[in-house]
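Visitor: I would like a close look at one charged side chain and at the parts of the chain around which it may be understood. Please set out the criteria as you proceed.

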Amino acid sequence: MSGPSDNCEDRWHLSATAQAESFKRDASIILVGTRGVGKSSLAVLTAMALKWKFIDLIVTLETLYEESFESMREKYPKEVVYKRECDLLVSLLERYPTECVIATTSNSVEEPTRAVLMKYRRVMPIIHITREWSDVEAYLKRQVESDDLIRLSHERRPWYRYCSDFEFRNTGIRFQPNDTAALGLKNAQREFLRFLRQIYEPVCSVPDPSAYTHSLVLPYADVTHLKLDDIAIGADAVQIRVDLMALWAINNQVNVLAHIVTQIGYLRRQNVHIPIIYDMGTTPPDQINRNLYHQLMSFGFRLNVEYVAMERHCFEDDFYQTIVKHSTRVIGVFRPNVWDVSKLDAIIRTAVTELHCDIVCLKSYALEIRDNWQLLDTMRKLIYSGVPFNNLIFFNEGPLGKLSRSLNHMFTPVSHSSFWGDPKSFYNPANGSPAVTEFRDNLEGDMTVREANAIVYSLNLQPRKYLFYFGIGNNYWGPILRSSIDGIGVSYIFCDKSIAEMAAIRQILSSHNFGGAFVSEAFKESILAELPNSSTYSKIIGASNIVVTTRDPDTLKINSLTGENTEWEGIYNSILKNLSTRNSITSSTTAMVVGTGGLGRAAVFALISIGVKNIFIYDEETWRAKRVISQFHGIANEITPFGSEASNVAQASDTVSSMRYIIKMGDLSQPDTQRPKTFGTLSFETDTNSPTIGCIDSLACQWPKDRTPPAIIINCSHSVDFELDTTWFANPTGGLGIDIGRGSHSRFFKQLQTNNWVNVTDAEVWIEVANCSLQRLTGKRSSLNLLREAVNGLV
């Protein structure tokens, strides 16, 4: 292979100057990679979700020349085949510079196509798709001349990096039969769309400097055994030590970059959407190998993580100036010898203006308790001196620096108690880790999220707040939320007594220690008139199930009260997690909602947000159903979960698109040369039709013969224990049923089980609602497992 160096493995990161800093929202996407990594699969899934065009270069080439790709490779010299591929790719890129996803061939890194990719890196994202090499080998061994294909794939891997901007580890697709394969496709789509969203319009911004945010440091060379939902409660980010992972990989003769991409891929696969801090750590470049160190520096941006943290020695390296950040935020870490205002001011200004840091981290080591007071006094003077930058992290390390870390606002490093005795962690000397000394020296001063928050509240830096329940009857929210609130360490006290009078509610809303409230069906509508602000979702639905407070960061006085609706989010998440791939949302999908109260309207909103175009409503009082139809008429087509300004990527990243076409039209587990001709070029047009919302007069009647049977039925009525005619379950691919109103003991729920529909209990929905509500009220991440234990304890 020809190129700038015979050893491209060591030089791919030097091509960064060919990259663009950012891309237009509708810029086409090019996927490159060896055979068997899932380029075509991801390309189809992405095009379906974004409603863009999909082009498979191999099949398009076969269609154009009317012969198979294998035949071309046998009949012509490879230079001829490469030239054909190049000419076709140039033609396609000129014709479709926007709204197109192109899956290239494995030859794309050969000349002259390589030069084309290098040119287009400036205007559209080129993404290198990878998979576990054992999976790729297993795929290739099923094909002719597998040994040559495996050898060639090994040789080309570094060139894919050289010709691309980003790298995505495809962990979602496992080529297995039936629904297992479809589920893998569904997971892969969600992961990849989140990855694209970070490229086009990053949702992860710099945290609010006035809030107290925490970064959970994962003290492991291999994190693939961790369950983030259990350990990341209350954390605002997770942080990995890339330098220590690299040293471990070198010592264990593991490919360093492959090991790093596996770790990032695993963290992203967790269903906990938490930002990742890619920390280059304190290890000097020479202890790793300077060239490999440069690759690690560039790799964080290439993997499209939210944050990359770098020490001073990284910035002093000339290579840093060649790195293209894309949408990744840079945390500059500096260790001043003395807490002097003028010196710190100079460091911050240099970091921001010359090094382009988004966040500046200043830290030292506390030898005495008074070192903390000196730090805090210096930072106070610095802030009041008018330094034009608020995104600051500052604290002392070491056991005596715990106080300063507790008072730090942004990304305070925290640990988890399960790490300290784990033989696999950096804390344990038995694992032979190069980081043992660094971590064990700080063990005494390490603290959990709970401990860090407890210190803040004990010093009255955050007020103690009271949560209430506005409603009639039993209050279950207190028992459900207490364990999560305790795990986070925020000082919220849940009042067990139900507040059932509007006069009492008004009095509580005006209290200075009011921290928020859960609102029952009895007050969901009337509470809106008592609040100065309501979210857009609450206004559309016409109901608020929680009241959220915001406070002035200096005086801690309540700034505003806002009505929010998280019930629609709970229903939305329940549908996404449980909807079978056989019943993914299409323009013909039909859904049914029983009940028109606040919960019923939230269900309608959730269905529209997911993309359901045909919705029917039933209520015992027909006029109520017609009122809801009128309420959503005219605005239904404008509803998206991300607001009217959201791009296709943002909307698609949380939307389930149809997988049925893929499973039906082209088995992606087959070698690419054996797929049907119709697979090569597909267009997925955006459905501009407004959702149709109709009314069903009776639950006892048969399903209308002129309407598609429902694929989703949601019961939001507490009063009706109904049983449906069998025609309601006539959808040939089954469906999803959710009974929020009466739970798993209702006659409707038993019908779901009898008809083999996917069924979701009311408990699962309320767990999702509680999770969303707690995050709104406290600003902190909860744990679904903790909430599930609490709910199950009440059943």
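Is R302 buried or exposed, and what is its relative accessible area?

Guide: R302 is buried, at a relative accessible area of 3%; here buried means under 20% relative accessible area, exposed means over 50%, and partly exposed lies in between, with a 1.4 Å probe and protein chains only. The model is predicted, so local features need pLDDT of at least 70 and side-chain atom pairs count only at pLDDT 80 or more, whereas totals for chains, interfaces and linings use all residues. Residues are numbered from 1 along each chain as its sequence is written, and side-chain values use heavy atoms, with hydrogens and water left out.

The side chain of R302 meets that of E167 in a salt bridge, at 2.9 Å from N to O. A salt bridge is a side-chain nitrogen of Lys or Arg within 4 Å of a carboxyl oxygen of Asp or Glu. R302 belongs to helix α12 (residues 290–302) and E167 to strand β5 (residues 166–169), so the salt bridge ties together parts that are 135 residues apart in sequence. Helices (H or I, at least four residues) and strands (E, at least two) are DSSP runs, numbered from the N terminus. E167 is likewise buried, with a relative accessible area of 1%. Side chains of opposite charge can pair when their charged atoms come close.

The count of salt bridges comes to 37. Another of them joins D236 and K780, whose closest N and O atoms are 3.0 Å apart. D236 sits in the loop between α9 (228–231) and β7 (237–241), and K780 in the loop between α29 (762–778) and α30 (784–794), so this pair ties together parts that are 544 residues apart in sequence. Both D236 and K780 are buried.

R335 and E397 also meet through their side chains in a salt bridge, at 2.8 Å from N to O. Since R335 lies in the loop between β10 (329–334) and α14 (341–353) and E397 in strand β12 (residues 392–397), the parts tied together are 62 residues apart in sequence. R335 counts as partly exposed, at 33% relative accessibility. Salt bridges with shared partners join E311, R335, K363 and E397 into one network.

Helix α12 also includes L296. Leaving out residues up to four places away in sequence, L296 touches V242, A246, V256, L257, I260, Y278, M280 and I288, where contact means heavy atoms within 4.5 Å. L296 is among the residues with the most contacts inside the largest nonpolar core, which has 73 residues; L218, I260, Y278, M310 and L362 are the others named. Helix α11 (residues 256–269) gives the most to this core, with 7 residues. A nonpolar core is a set of buried Ala, Val, Leu, Ile, Met, Phe, Trp, Tyr and Cys residues joined through side-chain atoms within 4.5 Å. In soluble globular proteins, nonpolar side chains tend to be buried together.

Buried residues also line strand β3 (residues 100–103): C100 and I102 point one way, V101 and A103 the other way, and all are buried. In a regular strand the side chains alternate between the two faces of the sheet. Strand β1 (residues 29–32) pairs with β3 in the parallel sense over 3 bridges, and strand β2 (residues 53–56) does so over 4 bridges; two strands pair if DSSP finds at least two bridges between them. I102 is the bridge partner of I30 and also of I55.

Elsewhere, 6 strands form an open sheet of mixed pairing, in the order β15-β14-β16-β18-β19-β17. Its edge strands, β15 (492–499) and β17 (533–534), each pair on one side only. Strand β18 (residues 546–551) and strand β19 (residues 558–564) pair in the antiparallel sense over 6 bridges, with T550 opposite S560 in β19. T562, also in strand β19, counts as buried at 15% relative accessibility.

As a contrast to R302, S719 is exposed, with a relative accessible area of 55%. S719 is placed in the loop between β24 (712–715) and β25 (736–739). Apart from its neighbours within four places in sequence, S719 is in contact with E620 and R742.
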